[in-house]
Amino acid sequence: VASVNDSTDGSAGAWARLVAYFFVSAATIGLQQIYGLLLVDLLAEFQLGRGYTAAVGSLCLGCMELGAAPAGELITHIGERRVCAMGALAASAGLLASANTTRLWQLFLTYSMLVGGGHALALMAAVAVSNSWWGRRRSFAGALANSGAAMAPFVLSPVWSAMRKGLGGWRNVLSVLALGEALILSAAALVMTLPGERSLCGARGAPNARAGVGGAPAPAPAPAPTAADSPRDPAIACAPGHGSAPSGHSAAHPPVYEESPWRVILAHPHLRRLYLAVALFAVGEWIPVVHLVQFALDLGLPPLDADRLVLFLGLGNLGLRIPLNALADRVGRSRVFMGSALAYAGLDLCMPLFQRSYASLCVFAVLAGGCYGAVNSLLTTIPGDYVGPHLMRQATGLSIAALGVGMVSGPVIAGEVYDRTGSYDVVWVVAALCMAASAVTLAVPASVFGCAPRSQRRADANWNGTARTGTAATARSASAALTHERAEVKIADATMTAAAT
């Protein structure tokens, strides 16, 4: 993202973007989480198989997650505000078109692809803007903003039931939700600007790479890296230029890569390791979320009690993600990721104990919701620990895409395992093994995944908001640039006054 800077961390502008991100996550991820309510109506109307009908929602989720990478690339060309506005238009149009479908296959186009793609655009824009305004407390801010997605089911579930009864069916409900999507996402787009850009609400922050003195790009300074600033990992240490500014560039100017950003990111050993860990975790994390209700029904629990387990998952997601991400800002984001993955694996392995009573299943749901909620928030902030601001969009987009691959494939793998064994016992073991493998992957030295490419500049690793000297120098330079800009304006005004006199 254009500026990972402690000078705007906690400012009024940063909180405004966090609030916008909160509502965007509620309108995108939150809406995805209540597809089960729509599934009941679709099954009743179209009278088709459960797997085929459920695939509409799964594909919508997949389009949202996998679309994050191309959305990040689009942001680099036209900016966050326009991308969020495009997402608002696509999502609302998709919901409105879905309300007028006559065949289920049409929903794969209108709901799965159009709504899912619109959600990818709006959500990625919100993530990019939030990360650019928050530095030292980036994980805490992301968790707080993402809590909108965790709160949405508690609000949308009763609202859906009331509207379906009052408006006469799911089609009219989707039409109303289309209007709500357009209003919420369009309002959020008004403040989707980076520090230094003027929003439509008139707020402006410190200068950055898109807003410089005299219209030229302002530098985003960073000091020359030293051994004390460098991550203790041989994968970075072996990169040419380690410990010094790139040739032809001062440490105060963003480096220019000889290769494409995507090639640099995919060759980055830390990011290779992260993406593999995220994909493995996602395979295991979504298995309990999808299969827990059916598992409870197989145990003989009443349908109403089984359905309530989803609310307990949401309760843990909402209540534990914020403290865990606040802890990540203090002890390290990767450490909390690994701890959450191992805790989740332990919960799955202990399922024979949790299944003995409904109360213990509720405890499992709360703890599992907290573990996957914490990691889902962290995966959008960890890339900033490894790359500079000009690669943050692409790096974060691929992280979300890796999550999407696992979330779509995990429940399918679990279903195949159940069909072959006739029991969920092996399913929980598979989920636990995937999450344990995720933690082990993140603990392996990044040098195992290769050496940093020749064109990768060592300055990237110091622009993550954790090097105190770097962020302090950035803040001082931003303040000096703003003072210089104001001085030029005063000189121009004095010149015009003198000429008029």
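**View 1. The lining of the second largest cavity in this predicted model.** Here you are looking at the residues around an enclosed space: L31, I34, Y35, L38, L95, Y111, W160, L174 and L177 line the second largest cavity. Helix 2 (35-46) and helix 8 are the elements that give two or more residues to this lining. If you are wondering about the chemistry of the wall, the lining residues divide into 9 nonpolar, no polar and no charged. The space inside comes to about 50 Å³. For context, a search of the whole structure finds 4 cavities of 30 Å³ or more.

**View 2. Helix 8 and its buried face.** Helix 8 covers residues 170-189, 20 residues in total, and spans 28 Å from its first C-alpha to its last, close to the 28 Å expected at 1.5 Å a residue. Its buried residues are W170, V173, L174, L177, A178, E181, L185, A188 and A189. Looking down the helix axis, these buried residues fall within an arc of 145 degrees, so they line one face of helix 8. Two of the names may be familiar from the first view, as L174 and L177 also line the second largest cavity. Now turn to the face directed away from the buried side: there you will find L179 and L183, which are exposed.

**View 3. The aromatic pair of F295 and Y424.** A search of the whole structure finds 8 aromatic pairs. In this one, F295 and Y424 meet edge-to-face, with 5.6 Å centre to centre and 80 degrees between the planes. F295 belongs to helix 11 (residues 269-298), while Y424 sits in the loop between helix 16 (392-421) and helix 17 (425-443), so the pair ties together parts that are 129 residues apart in sequence. Both partners can be checked for burial, for which the cut-off is under 20% relative accessible area. F295 has a relative accessibility of 5% and so counts as buried. Y424, at 7% relative accessibility, counts as buried too.

**View 4. The aromatic pair of F354 and F364, and the ring cluster.** The rings of F354 and F364 are tilted, at 5.5 Å centre to centre and with 55 degrees between the planes. F354 is part of helix 14 (residues 351-354) and F364 is part of helix 15 (residues 358-378), so this pair ties together parts that are 10 residues apart in sequence. F354 is buried, with a relative accessible area of 15%, and F364 is buried with 0%. It is worth stepping back from the single pair here, since ring pairs link F295, F354, F364, Y424 and W428 into a cluster.

**View 5. Helix 15, the element that holds F364.** Helix 15 has 21 residues and reaches 31 Å from its first C-alpha to its last, close to the 30 Å expected at 1.5 Å a residue. How many of its residues are buried? The count is 16 of 21, and helix 15 is thus mostly covered.

**View 6. G72 and L121.** G72 is found in helix 4 (residues 68-78). With a relative accessibility of 0%, G72 counts as buried. Its partner in this view is L121: the two residues are 49 apart in sequence, and their C-alpha atoms are 8.1 Å apart in space.

Terms used:
Residues are numbered from 1 along each chain as its sequence is written. This is a predicted model: local features need pLDDT of at least 70, side-chain atom pairs count only at pLDDT 80 or more; totals for chains, interfaces and linings use all residues. Side-chain values use heavy atoms; hydrogens and water are left out. Helices (H or I, at least four residues) and strands (E, at least two) are DSSP runs, numbered from the N terminus. The expected span of a helix is 1.5 Å times one less than its number of residues. Buried means under 20% relative accessible area, exposed over 50%, partly exposed in between (1.4 Å probe, protein chains only). The arc is that of the directions from the helix axis to the C-beta atoms. On a 1 Å grid over the protein atoms alone, a cavity is a set of points where a 1.4 Å probe fits but cannot get out, and a pocket is an open set with protein on both sides within 12 Å along at least five of seven lines; lining residues have an atom within 4 Å of a point. Grid points are joined across faces, edges and corners, and a volume is the space filled by probe spheres set on the points. Ala, Val, Leu, Ile, Met, Phe, Trp, Tyr, Cys and Pro count as nonpolar, Asp, Glu, Lys and Arg as charged, and the others, Gly among them, as polar. Rings of Phe, Tyr and Trp (its six-membered ring) pair if their centres lie within 6.5 Å; planes under 30 degrees apart count as stacked, over 60 as edge-to-face and the rest as tilted.
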